[in-house]
Every structure is written in structure tokens, then in C-alpha cells.
Amino acid sequence: MEVIFWMIIQVIVIAFAAPFFDGIARVLRARLQSRKGPPDFFQTYRDIIKLYKRGRTAPKCAHWFFTYAPYFMYATGAAMLACIPIAYSGYESIGFSDIFILVYLGALLKFVFGVASVDSGNPFAAVGGSREQMIGVFVEPVLIMSLLVVMLVAGTSNLVDIRAMVRAGEIGYFIPAFAVASISFLWAMYVESGRNPYDLAEAEQELQEGVLGEWSGSDFGIAHAALILKQFAMIGMFLAIFEPWNFTNPILALAVFLVKAGVFYVAAVFIDNFGSRYKLISSFRQNATFALGISTVALILYIVGA
Amino acid sequence: MIQVYLLFLAGCIISMFLYKQNETAAKVGFTISAVASFYGVIYFFTNLGSTSEFSLGNDFIFNPHFALDPVGNFFSFVICLVAFASSVYAIQYSQEYAKKGSLAVMAALFNLFIVSMLLVISAANVFWFMIFWEVMTVVSYFLICFNDSKQSMKATIIYMGIAHLGGAAILSAFLLLANQSGSLEFASFANAELSPAMATAIFLLAFVGFGSKAGMFPMHVWLPKAHPAAPSNVSALMSGVMIKVAIFGILKFCIWLPVMPWWGLLIIIIGALSALLGVLYALTQHDYKALLAYHSVENIGIILLGIGTGVYGMATGSSTLAAVGFLGGLFHVLNHATFKGLLFLGAGSVLYRTHTKDMEVLGGLAKKMPYTAFAFLVGSMAITAIPPLNGFVSEWVTYQAMIQGALGEGIGSRAVFTISVVALALVGALAIMCFVKVYSVIFGGTPRNQKIWDNAREVPTSMIAGMFILVAGCFAFGLGANVVVEHIMSVVSSFAGNFSAADGMLVKSPMGSIISTPLIAFILLGSLIMPFITLYVVKANRAKPRETDPWACGFKYSSRMQMTAAPFTGDLRKVLKWLYKPEIHHEEGYFGPVKYSNHAQDVWWNLLYAPVINTITKASDKIEKMQNGNSNLYSLYILVALCLALGISQIL
């Protein structure tokens with residue numbers, strides 16, 4: 001029960017703090033582009049609240065799946081966050097913190113996203129949806145190979161145990177396969193969090209905000225918040241496995257996690273601001289092949305016993 | 001168990017007696033099969049762990065002896081489960097065929113098909129196994145013929161051809177084994193003294209033979225042609241359970257024979273290839289029933305991954321690895337039967353109301369057929385292994401088994417296991433793309449053909465009931481995974497190792513990983529409340545949305561602007577050009593409209609089957625010259641044959 005209590009606290013705290021880091025990132029991005037940008041770090045909160053107050057439109061053709069998709073997405077993003085042992089890392093797993101659950105919840109999010117994009121009837125949204133699926137196909141082998149190496153080194157897919165092992169120093173960067181896997185996982189994490197230069201699905205003007213095009217008002221606000229949650233979940237996954245040093249006290253752990261995840265989130269601005277967007281089946285593909293190469297090296301290192 | 005078989009036989013005979021009353025025959029026949037399979041579901045579930053047997057007429061042709069052990073009970077349960085849903089569905093669905101053929105015959109054949117599968121499972125000697133194996137093949141052939149068209153005839157011929165090759169391989173495997181053990185009874189097989197070479201030969205023959213029926217790569221070519229050609233209630237049975245009977249055969253041989261580690265690895269490699277190629281070809285299909293059939297190839301691959309891990313565990317003497325591997329494989333057998341049955345029934349409902357198998361002309365059907373859409377959505381989510389539905393749990397167990405296999409020593413086995421895990425994950429990503437496409441193109445968006453959409457409406461009650469039986473199965477086997485795992489473990493422990501995979505609400509792996517599907521469902525539902533609470537607290541504007549056309553950059557929206565199935569996978573097909581080798585057609589002519597079509601091909605057909613078929617056709621063209629109608633020549637043939645026979649007998 002305690003685990004569930006801390007799970008809830010953890011999700012709520014991160015859900016409410018996440019837009020703040022988005023605000024910091026936006027201010028920083030504006031400065032880097034010599035724009036004035038938002039006045040302070042709370043702009044994303046104001047945006048979402050403004051969206052909540054607006055009226056909504058919906059395409060005639062869409063059925064209930066499209067209408068509730070933002071809520072499904074939000075629920076999945078929140079469940080992904082709940083899956084990562086942050087505040088409850090001191091407790092035994094109760095059957096939710098498993099790497100495969102996290103990966104397949106990500107799949108659920110993609111499924112909802114994809115179906116909603118085609119269901120909206122909007123041509124641009126569906127193109128975005130298709131690309132989002134394609135990105136998933138590129139990233140999945142890299143993601144799973146890196147995680148597989150971790151699971152093999154740890155001998156379990158239990159996220160709580162893996163985290164404890166890394167923190168106790170039983171496994172870690174002194175194992176070459178683990179160290180190399182952390183590099184390829186970092187790439188996969190960055191792509192999965194949907195930032196430039198890989199954010200094809202949410203390409204802006206030319207694709208009319210891509211997949212999100214047809215939602216408006218509070219639905220759009222929820223969808224927007226869901227995507228921020230997903231980014232934090234992906235960063236959280238990296239931190240839980242590859243950088244788990246943290247307090248056992250739940251509240252302190254949560255605070256430290258927020259700072260660490262926030263640093264990653266904001267630092268990503270330095271990448272997404274300077275890269276141009278990649279074309280899916282040329283530059284993106286080359287990039288993915290390179291990352292696949294790194295993760296294959298990690299896997300080979302494990303296979304030969306290094 | 002004999003009562004179950006007799007009920008099906010009664011259904012078969014009674015519906016034939018009602019031959020004159022076509023529609024009544026269908027109602028009665030399918031109701032009896034529904035009752036029989038419902039009874040079967042309960043019977044086989046309650047007697048899962050027990051063994052039972054019966055014999056008919058002592059020493060009448062090869063001693064008809066039938067026996068069920070826990071493995072047999074498990075497979076019989078799976079057959080009855082899908083048969084139940086499919087029979088309930090067929091009560092009204094079969095009316096579609098009232099003008100095309102005799103429904104009495106259809107119902108009779110349907111009953112016979114189910115009972116032949118059940119008897120294959122329970123046959124206890126080679127003769128009766130092969131008899132019912134062939135009955136199963138032939139009856140399914142007749143059932144496909146109800147959709148009488150040029151394509152389905154071609155499909156059935158290919159099906160029969162490969163089924164016969166497979167049958168020959170299975171029979172040779174059986175006869176070799178019987179020769180070594182000295183008896184045709186299955187009971188004697190376990191004690192046969194086999195040299196490793198002989199055991200390998202028998203295994204390979206059985207693997208190829210049963211694999212051809214299971215639709216495993218590269219013998220899969222018949223499956224995507226034959227399964228979609230059948231009426232949908234039969235497709236559900238063929239894809240849901242008939243191919244599982246072949247898995248049962250592979251499993252039986254692995255239990256009888258002294259297994260070797262490399263057999264396990266071979267099964268895993270073939271499984272990974274089937275899974276990957278199955279889903280890749282599924283992605284290029286526009287015919288939704290063919291797409292589902294390709295997904296059967298994929299899922300047979302996933303089942304083989306589990307079974308292969310189990311065989312590897314058995315061969316290396318690691319009983320927990322064997323137990324987890326077989327648990328994953330058998331659990332996926334049950335799950336695939338459930339959701340593939342469901343998806344084929346759903347596809348049948350769409351076909352019933354739209355009369356087209358091409359998804360490019362469908363769209364927006366969720367508004368017309370809400371129950372069908374919901375059932376199909378659940379099936380899609382289950383097959384893409386989305387937690388907490390059933391597909392996720394069996395894939396999770398399979399992952400755990402393969403990772404445990406990869407933890408072992410030996411570079412070869414580590415490489416095979418790890419690459420297969422990556423293949424399975426990639427299959428997962430591709431399957432999501434595929435089912436997003438199927439579901440959203442058929443049920444979402446705007447109608448692509450207004451006339452079809454206008455005529456569509458929800459299907460009759462019995463068809464909905466049939467689908468929702470399996471929807472309930474998808475939820476129950478997912479949320480009640482701990483109970484299912486416990487029962488399947490009792491089956492697995494009857495022939496392989498044992499370990500306690502269920503602990504309270506949890507499902508455990510020997511590596512210490514645990515999942516709890518009710519908890520996943522609880523957390524997902526709990527987090528679903530979160531956005532609603534937020535909206536309530538901030539007093540969001542929840543006025544009813546204004547309904548408009550989708551935004552089309554200021555142009556007038558037309559339904560032709562929206563995404564269809566082909567471009568949805570366009571990028572993937574570009575990336576995989578080397579595999580698909582698409583046939584690209586341009587319509588020439590200066591004034592004519594430019595038509596462009598791009599069809600991916602199943603290259604294995606051209607690579608492996610077309611040359612053989614061409615050679616045979618050419619050879620028969622040559623031989624044809626011998627048959628020229630000249631009776632003098634024929635007497636010469638007889639004379640030559642006689643001389644040859646004499647000559648041979650002289651030499652011997």
C-alpha cells in the first residue's frame with residue numbers, strides 16, 4: 001500500500017512540476033535564438049490553463065477513440081512515470097516496475113497516438129502518425145538491445161532490483177557492455193522523447209502541429225501535458241537505470257530526481273536548438289543505423305562475456 | 001471426453017438430416033456445435049490435469065484407441081473455446097451463405113472439422129492420428145470452397161499441395177519412429193532407443209511436416225492465401241486453432257525424442273524468422289483478412305520462440321528454463337487462439353456488412369458498427385501485446401524465458417537468444433504500426449466509399465455475442481494471468497520441469513521479475529481519472545465541441561485527402577525495398593490518366609515454390625505427348641511396363 005501511496009505522490013508531483021522545466025527550456029531557447037521569449041519560467045502553466053478555458057472543435061468523422069485519446073495518452077504517460085522507482089525505490093517491487101511494462105506502455109501510447117491521428121481524418125495528422133510509427137520501428141531495436149544488455153547483466157527485468165544493483169555497485173559502468181549500452185540508450189531516450197531533430201511527428205507549421213492538429217481547447221491542453229509527461233518518463237527511465245544515485249527518503253529522492261530530470265530536459269535545448277530537422281528515411285535512418293551499431297557492440301560485448 | 005465428441009458428431013448428423021430445411025439446419029447445427037463446445041470448454045477445463053482414454057471395437061482396424069493427457073486436455077480446451085465463440089457467431093453469420101451453398105452441409109462440415117481436430121489431439125496411435133489429420137485437412141478444404149471464386153480455388157489447391165507434402169513428412173517421421181520402437185502405439189515411442197542421427201532425422205521430418213501446417217517460414221505461403229478465402233467463422237477456427245494442432249504435433253515429438261540443444265536453437269531461429277517476416281508482409285497487405293493471416297505466421301513464430309526455449313532447456317537439463325519456455329509457448333497458444341479468433345470474427349462482421357475485403361474503400365465504420373469496432377479494438381490491442389491484456393503476459397513470459405536462456409554460457413546460444421529477443425521487440429513495434437493501420441483505416445476517419453458506408457450497420461446479435469465471448473477471454477486471460485499461469489504450469493509440469501510461476505496476484509519468472517496485471521489495470525484506470533480531476537479543479541471549459549470538417553489548410557476538405565492504408569506504411573516499404581521487391585506499374589499513354597500501383601510480393605513464393613511448379617508444369621507438358629490417343633502405342637506401353645516388371649523381379 002505504501003508503494004502505491006508513493007507512486008501516486010510521485011506522479012502528481014512530477015506532473016505538476018514538469019511544465020516548470022518546460023518553461024525554463026523555452027526561456028533558454030528564446031535566449032539562444034536572440035528572441036525575448038516568455039517573461040518567466042511559468043509560461044507553460046499559463047498556456048495549458050489558457051487552453052483549458054478555450055472552447056473546443058472536433059472533426060465530424062471522428063469517433064469516441066479520438067475524443068478520449070488525449071486522456072488515454074495522459075493516463076499512459078502517468079502510468080509510465082508510476083512505473084519508474086523514484087520515491088518508492090526503497091521498497092520491494094509490487095509487480096508494476098518492470099522494464100517490459102514500461103516499454104509496452106510506451107507502445108500503448110504509440111497505438112493511441114496512431115489511431116487518433118488517422119481517426120481525425122486530417123491528412124497532416126495521419127502523415128505525422130505514420131512517421132511516429134516509423135520512428136518507433138527505428139528506435140525499438142536500439143532501445144531493446146540496450147535494455148537487454150542491462151537485463152542480462154543484472155539477470156532480471158525488475159526495475160527496482162536493477163536500480164538497487166547499480167546503486168550498490170554490483171553492476172555498473174565497470175562492465176563494458178553496460179557502459180556502451182548507456183550510450184545507445186541515451187540516443188533512444190532522446191528520440192523517444194520527441195525532440196528536435198527527431199520530432200517529425202510534431203513538426204510544426206508545415207504539418208499544422210502534426211498529430212495534435214485536430215485537438216483544441218482542454219483536449220489539446222491535456223495532450224500537450226501528456227507529451228511532457230512522456231518526456232519525463234523517458235528521462236526517468238534513463239536515470240533509474242544508468243544514473244540511479246539518489247536518496248532513499250521518498251521526498252528527498254523525488255526532489256533530487258526532479259532536479260536531475262530537469263537538467264536533462266533543459267539541456268536538451270542545446271541539442272534541439274542547433275540541429276536542423278532530419279528527414280525520416282535519409283538522415284534519420286543513417287543516424288538510427290549508427291545508434292544500432294553502438295547497441296550491437298554492447299550486445300556483442302555481452303555475448304563474448306566482457 | 002467421449003460425450004464431447006459424440007455431441008459434435010450428433011450435430012454433424014442432425015444437420016445433414018435437415019438438409020431440406022436450409023436455414024433451420026444452420027441454426028440447429030451451429031447451436032449444437034455451440035452447446036458441444038461449451039460443454040467441451042467446461043469439461044476440458046475441469047479435467048485439465050487428469051488423463052482419460054477409451055477404445056472402440058477391439059482390434060478393429062489398427063486398434064482405435066484415444067487418450068488425453070494434460071497437454072491434450074489443454075489443446076482440446078483451446079479448440080473448444082474458439083469453437084464455442086465461432087459457433088455462436090456462425091448461427092447468424094452463416095445466413096450470408098444461404099444462396100451460395102447448402103447451410104446443412106456447412107454446419108455438418110463445421111462440426112466434423114472441430115471433432116476431427118479434437119480427435120487428432122486424442123489419437124493414441126499413428127494410424128488414427130494420420131486419418132484424422134487428413135480428415136481435418138480435407139474438411140477445411142471443403143469449408144474454404146464455400147467461398148467459390150477463382151482465387152479461393154487457387155488458394156485451396158496450394159493449400160492441399162503443401163498439406164500433402166507436410167503429411168508425407170509427418171507420416172515418414174512417424175513410421176521411422178515406429179520402426180525404431182517396434183509399435184505404432186504412441187505409448188511405446190517414449191521408450192524407443194534412438195541413435196542421435198536417427199532422432200535428428202525424425203525430428204527434422206516432423207518439424208517440417210507440422211511446421212508446414214502451422215504456417216511456419218518458409219512453408220507459410222499457403223496460409224495467407226487459404227485462411228482469408230474461407231468463411232470468417234472457419235477462418236477463425238483455421239487461424240485460431242488448426243495451426244495450433246500442428247504446434248501440438250511438434251510438442252509431442254519433442255517429448256518423445258531425446259532432444260538436443262541445437263534443435264531448440266533451430267526452432268528459435270525459425271520462430272524469429274517467421275515472426276519478423278510474417279509481420280513485415282502483413283504490413284503491406286490491403287486485404288484485411290490476408291493481413292490477419294500473415295499475423296498468424298507472426299504469432300506462430302512467437303509460439304515457436306517459447307517452445308524452442310523449452311526444448312533447449314529440456315536438452316540442456318535446465319528444468320526451470322524448460323518450464324518457463326513451454327509456459328510462454330503454451331500461454332501464447334491460448335492467447336493467440338483467443339485474439340486471432342476474435343479478429344477474424346470481427347473481420348467477418350465487417351465483410352458481412354460491406355462485402356469487400358479491401359480496406360482502402362472502408363472507413364468511419366466505428367460510427368455504424370460500434371460493438372464490432374470495440375471488439376476489433378480489443379483484439380488489436382491484445383495482439384500487439386499491450387498491457388494488461390492477455391498478449392502482453394505471454395510475450396512477457398517468452399521474453400523472460402529467452403533472457404534466461406541468454407544468461408547461459410556458450411556464445412552460440414547467447415547470440416541466438418539475444419538476437420531473437422531483439423527480433424521479438426522489433427516485431428512488437430511493427431505489429432503496432434500494422435494494427436494502428438487496420439483499426440483506424442477500417443473504423444476511423446471519414447468513409448472512403450460513401451455507398452458502402454451508407455449500407456453498413458451493426459451485425460446481428462449472435463455475431464456480436466460470438467465476438468464478445470472472445471473479448472471477455474482477452475480480458476480474463478490478461479487480468480487473471482496468475483490463475484491461467486498456474487493451470488498451464490500444471491500442464492507443463494506433466495512433461496517438463498516445474499516452478500511456481502504464480503504467487504498471489506503476481507506472475508513471477510525464475511529471474512525474480514514480477515508483474516501483476518490487475519495492478520497495471522488499476523494504475524491505468526487510476527491515472528485516467530487524473531486529467532478529469534484536473535479539468536474539474538481548474539473549471540475547464542467543457543462545453544460540447546463544435547463539429548467541423550478536419551482542417552485542410554484552408555482548402556475545402558474532401559475525404560480523398562485523408563490517409564489510406566498504403567501510404568501509412570509507405571516509408572517502411574521504401575526502407576525495405578530490398579525485401580519486398582515491389583512490382584511497380586505505370587499506366588503508359590500520353591492522354592490516358594497515369595495510374596500507379598505498387599505491390600509488395602511474397603518473394604519466397606518466387607524463390608522457392610515457383611521454380612518447382614514451373615518444372616512440374618514443363619515436365620507434364622513433355623509427358624503429355626505420350627498420351628496421344630493411339631491405342632497401339634498404349635499396348636506398347638503395357639508391354640514395356642511388363643518387361644520392366646519382369647526384368648526387375650529377375651534382378652531381385
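What follows is a friendly talk between two people about a predicted model of two chains, A and B.

Colleague: I am new here, so let us start with chain A. What is chain A built from?

Modeller: Chain A has 10 helices and 1 strand. Along the sequence the pattern runs α-α-β-α-α-α-α-α-α-α-α.

Colleague: How do you know whether the radius of gyration of chain A agrees with that of a compact globule?

Modeller: We set one value against another. A compact globule of 306 residues would have a radius of gyration near 19 Å, and chain A has 19 Å, so the two agree. The C-alpha atoms of chain A fill a box of roughly 55 × 45 × 45 Å along the principal axes. Buried residues make up 62% of the 306 residues.

Colleague: And what about chain B: why is it called as compact as a globular protein of its length?

Modeller: Chain B has 24 helices and 8 strands. Its radius of gyration is 26 Å, close to the 26 Å from the globule rule for 652 residues, so chain B is as compact as a globular protein of that length. The C-alpha box of chain B is roughly 100 × 70 × 60 Å, and 56% of the 652 residues are buried.

Colleague: Which domains is chain B divided into?

Modeller: The assignment gives domain 1 (263-522) and domain 2 (604-651). Their centres, taken over C-alpha atoms, are separated by 48 Å.

Colleague: Let us look at single residues. What makes Met467(B) count as buried?

Modeller: The cut-off is 20 or more other C-beta atoms within 10 Å. Met467(B) has 30 C-beta neighbours inside 10 Å, so it counts as buried. Met467(B) lies in helix α17 (residues 461-479) of chain B. Leaving aside neighbours within four places in sequence, its contacts include Tyr89(B), Leu342(B) and Thr372(B). Tyr371(B) is 96 residues away from Met467(B) along the chain, yet their C-alpha atoms are separated by 9.0 Å.

Colleague: Is Ser509(B), which sits in a loop, buried or exposed?

Modeller: Buried: Ser509(B) has 25 C-beta neighbours inside 10 Å, and the cut-off is 20. The loop in question joins β4 (506-508) and β5 (514-515) of chain B. Beyond four places in sequence, Ser509(B) touches Val324(B), Val397(B) and Gln400(B). Met381(B) is 128 residues from Ser509(B) in sequence, and 24 Å separate the two C-alpha atoms.

Colleague: Now the helices. How do you know that the span of helix α7 (residues 196-214) of chain B agrees with what is expected?

Modeller: At 1.5 Å a residue, its 19 residues should span 27 Å; the end C-alpha atoms are 26 Å apart, so the values agree. The buried residues of α7(B) include Ala199(B), Phe203(B) and Phe210(B). Among the elements covering the buried residues are α6 (150-181), α9 (232-256), α10 (261-283) and α11 (288-315) of chain B. After α7(B) comes Gly215(B), with a positive phi near 85°.

Colleague: What makes α10(B) count as mostly covered?

Modeller: The count of buried residues does: 18 of the 23 residues in α10(B) are buried. From first C-alpha to last, α10(B) reaches 34 Å, close to the expected 33 Å.

Colleague: Why is α5(A) called largely enclosed by the rest of the structure?

Modeller: Because 31 of its 32 residues are buried. Helix α5 (residues 123-154) of chain A reaches 45 Å, close to the 46 Å expected at 1.5 Å a residue.

Colleague: Where does α5(A) bend?

Modeller: At Val139(A), by about 35°, with Pro141(A) following within four residues. Just past the helix, Gly155(A) takes a positive phi of about 75°.

Colleague: Finally, how many residues does each chain bring to the contact?

Modeller: Chain A brings 73 residues and chain B brings 73 residues. On the side of chain A that touches chain B, the elements giving two or more residues include α2 (43-53), β1 (57-59), α5 and α8 (217-242). What gives the most is α5(A), with 16 residues. The residues on that side of chain A divide into 41 nonpolar, 20 polar and 12 charged.

Methods: Residues numbered from 1 in each chain as written. Chains lettered and ligands numbered in written order. Predicted model: local features only at pLDDT ≥ 70, side-chain atom pairs only at ≥ 80, totals over all residues. Rg over C-alpha atoms; globule rule 2.2 N^0.38 Å. Buried ≥ 20, exposed ≤ 12 C-beta atoms within 10 Å, placed from the backbone. Contact = placed C-beta atoms within 7 Å. Expected span 1.5 Å × (residues − 1). Bend = angle between axes of the 7 residues up to and from the residue. Domains from an automatic or database assignment. Nonpolar A, V, L, I, M, F, W, Y, C, P; charged D, E, K, R; others polar.
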